[in-house]
Amino acid sequence: MPDPTPTTAAPTPEATIATQPAAPEQPRYFLRFTLGQRCLHAVLFTTFLVLAATGLMMRFSGSIWAIRFAKLVDGFGTILFFHKFCALVLTLAFIIHVREIVARGIFKRDKSIFWGPTSMVANWKDVKDLFGHMRWFLGLGPKPRFERYAYWEKFDYWAVFWGMVVIGFSGYAMWFAPFFARFLPGWALNAALVIHSEEGLLAILFIFSIHFVNTHLRPDSFPMDMVIFTGRESEEEFKNRRPDEYQRMIAEGKSATRITDAPPLWLLNFSRVVGFTAIVIGLALLVLTLSAYIAG
Amino acid sequence: MKTVSSFGLTLFASVLLLAAPGRPLRADTDCLSCHGDPTLQDTNGKSIGVSADKFHASIHGSLKCSDCHKDIHDYPHPDHPAAVQCETCHADEASAIAGSIHAKASTSVPGATGWKAHPCTGCHGNAHEIVTKTDPNSTVYPLNIPKTCGGCHGDPAMAKKFHLPNVYALYIDSIHGFALGKEGLLVAANCTSCHGSHKILSHTDPQSSTYRTNIPRTCGSCHVGINEQYQQGVHGKAVTAGNASAPVCTDCHTAHGIVEPTSADFRMQSTPICGSCHRDKFSTYRDTFHSQLGLLGGYTETARCWDCHRAHEVLPASDPNSPVNKANLIATCGRCHAGANASFVQYQPHANARNRKLNPALYYIRLFMNLLLTSVLTFFLLHTALWLIRSRFQQAKSKSPGGKNA
């Protein structure tokens with residue numbers, strides 16, 4: 001997984017910090033996500049919302065809301081068009097992401113992608129953090145000191161990664177069924193729909209309930225964690241949320257490379273509108289999914 | 001309007017006829033001298049006027065009045081002459097109508113007459129103006145028949161009273177009604193094409209043209225080619241063999257509200273019709289993409305039952321002529337899916353992921369996906385719920401500025 005912390009380039013020279021007077025009342029901000037990563041997330045959630053909405057209508061095509069909406073947009077053709085269009089955009093984003101991993105990990109031999117504190121790959125600390133966190137839930141121990149990516153964030157990442165491969169592959173198998181039938185047995189086309197819809201439902205239920213609460217709606221972040229939109233977080237937030245990463249940054253003397261300006265107001269407001277819209281749409285889709293499930 | 005009192009009428013006619021007593025009455029001069037007034041009414045207010053021109057132009061124009069009004073030979077005549085007996089000449093039609101549902105309804109259903117005023121004029125209209133049925137002015141000219149029958153059968157009150165479906169409205173909007181009413185096609189089915197005219201029988205009567213097992217023959221009298229295909233198929237054979245539950249034309253197409261079978265409306269409403277008998281096949285079809293697309297509309301070319309199985313010549317998959325026979329699948333699927341190959345047609349359009357014996361691979365894939373879904377969601381729901389509670393607890397405990405970061 002690409003690390004937003006550029007290890008070679010330093011966008012903010014040391015001199016910038018040195019010239020800044022020590023002002024305790026003025027909080028310092030650190031960069032957590034690069035613009036590229038924020039864009040990737042934006043493309044991911046935009047296309048995912050459309051894919052989820054259109055996919056749910058196909059999965060629960062007997063439900064009143066699906067039929068109503070289908071009538072509104074002149075039937076199924078439109079729904080499938082947007083589903084396929086967003087699938088293509090998301091596939092492109094996924095390919096760009098994988099290309100970057102390959103470029104950095106294999107061609108530039110940047111091993112930090114595959115292991116170490118900034119990697120997305122799970123390690124022993126994640127197992128310890130998971131159990132430690134649950135002990136803390138029950139009041140049986142201290143809160144774990146998280147590194148750059150906590151175990152639930154890594155799970156989110158790999159869930160999407162696996163979902164992209166599974167949903168994408170089964171989706172394209174159905175889209176280009178006669179072509180895929182050259183390599184796959186006929187029953188695989190039956191399996192494709194089962195896998196596509198079940199994995200899609202898992203993604204929808206997980207993102208719109210677990211991810212929303214874990215990342216945005218829990219009391220500590222309520223109503224939204226803005227860092228994925230602005231890329232910046234205050235020093236205090238950083239220190240409290242991921243003390244191990246903060247400590248490592250200080251110890252390695254790299255704070256200067258990550259320090260940044262406060263998120264501008266327009267960006268904060270824009271992010272609030274976009275993020276809030278996404279969360280509302282997601283929750284509405286969650287309600288529709290659950291109601292369709294209950295209705296059978 | 002003029003109402004002549006019985007006395008006045010008699011006096012007036014007597015004076016007129018004094019000149020030639022004992023001479024037989026002649027329509028032109030004698031009867032029409034009174035009845036030629038179109039506004040003439042009897043004491044009950046019933047019109048007794050006759051239009052001379054229309055009568056002479058009618059199919060009965062060459063007859064004398066007394067040929068039908070047999071009890072009137074002279075003047076003065078009785079106030080209420082006997083009802084005209086059409087069967088004197090039209091014996092076949094009279095015996096047919098005597099056995100019909102219309103005659104039965106006049107005796108068996110309380111309050112029903114089966115016809116409005118007279119068994120014949122109810123449909124044929126004014127007795128003095130009846131023209132041949134090939135005349136466009138005839139009430140029983142093919143293009144006029146729906147309106148004639150609709151006079152009673154298009155009346156919602158009448159339909160409700162006798163528990164009849166209000167068939168007129170359905171027919172007028174149907175493909176037959178459109179062809180007849182809007183396109184003016186004489187060959188389009190009108191009421192009598194299926195029900196007959198004089199000897200109309202209840203659809204529960206085995207002699208009826210609309211009795212269940214007679215329907216293919218009735219429809220087939222026009223739709224010869226379709227009926228031939230139907231008779232070759234499993235449904236036609238089952239009906240011939242006496243299986244009364246096998247579908248006939250009207251089960252899929254309905255009787256009166258028949259719509260264009262290639263229309264979006266029909267394609268949208270028709271799979272449940274097959275599904276009402278083939279329940280298991282309908283349920284497995286509903287699990288497929290074909291059905292999911294189909295239900296949402298706007299994409300009506302999606303495979304419906306008969307796109308693969310044929311509509312009329314439905315054959316079992318074991319029959320080499322069946323489109324779903326293994327040997328024909330590439331051609332059948334290839335009609336929509338360009339490039340369908342031997343592997344592609346192994347796709348099962350009725351696969352049942354819940355049946356371990358029939359579809360083991362699909363069954364275990366679905367089981368795995370379901371287990372994955374439930375285990376991931378259960379673990380994280382529990383995890384996140386505990387986290388929520390703990391965070392809330394922590395927040396309440398420390399109202400410190402760092403509370404937001406607990």
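**Exercise 1.** How many salt bridges are there between chain A and chain B?

*Solution.* The model is predicted. Step 1: apply the criterion, a side-chain nitrogen of Lys or Arg within 4 Å of a carboxyl oxygen of Asp or Glu. Step 2: count the cases between chain A and chain B; the result is zero. Step 3: turn to polar contacts, for which the rule finds nine residue pairs across this interface, both residues at pLDDT 80 or more.

**Exercise 2.** Describe the interface by residues and by area.

*Solution.* Step 1: count residues in contact; chain A contributes 58 and chain B 52. Step 2: take the area. The two chains bury about 4800 Å² between them, and carbon and sulfur atoms account for 70% of this. Step 3: find where chain A loses the most area to chain B. Phe76(A), Phe137(A) and Asp220(A) head the list, and together they make up 14% of what that side buries.

**Exercise 3.** Which elements of chain A give two or more residues to the side that touches chain B, and what classes of residue does that side have?

*Solution.* Step 1: list the elements. They are helices H2 (35–59), H3 (64–72), H4 (76–107), H5 (124–137), H6 (151–175), H7 (177–180), H8 (186–217) and H10 (235–241) of chain A. Step 2: pick out the top contributor, H8(A), with 17 residues. Step 3: sort this side by class, which yields 36 nonpolar, eleven polar and eleven charged residues.

**Exercise 4.** Summarise chain A as a whole.

*Solution.* Step 1: its secondary structure consists of 13 helices and three strands. Step 2: of its 296 residues, 49% are buried. Step 3: its accessible surface is about 15100 Å², with 72% belonging to carbon and sulfur atoms.

Definitions and conventions
Residues are numbered from 1 along each chain as its sequence is written. Chains are lettered from A and ligands numbered from 1 in the order in which they are written. Side-chain values use heavy atoms; hydrogens and water are left out. Contact means heavy atoms within 4.5 Å. Buried area is the accessible area (1.4 Å probe) that two parts lose on being put together, summed over both. A polar contact is a pair of N or O atoms within 3.5 Å; within protein, one must be able to donate a hydrogen and the other to accept it, and residues adjacent in sequence count only if both atoms are side-chain atoms. Helices (H or I, at least four residues) and strands (E, at least two) are DSSP runs, numbered from the N terminus. Ala, Val, Leu, Ile, Met, Phe, Trp, Tyr, Cys and Pro count as nonpolar, Asp, Glu, Lys and Arg as charged, and the others, Gly among them, as polar. Buried means under 20% relative accessible area, exposed over 50%, partly exposed in between (1.4 Å probe, protein chains only). Accessible areas come from the Shrake-Rupley method with a 1.4 Å probe; for residues, only the protein chains shown count as cover.
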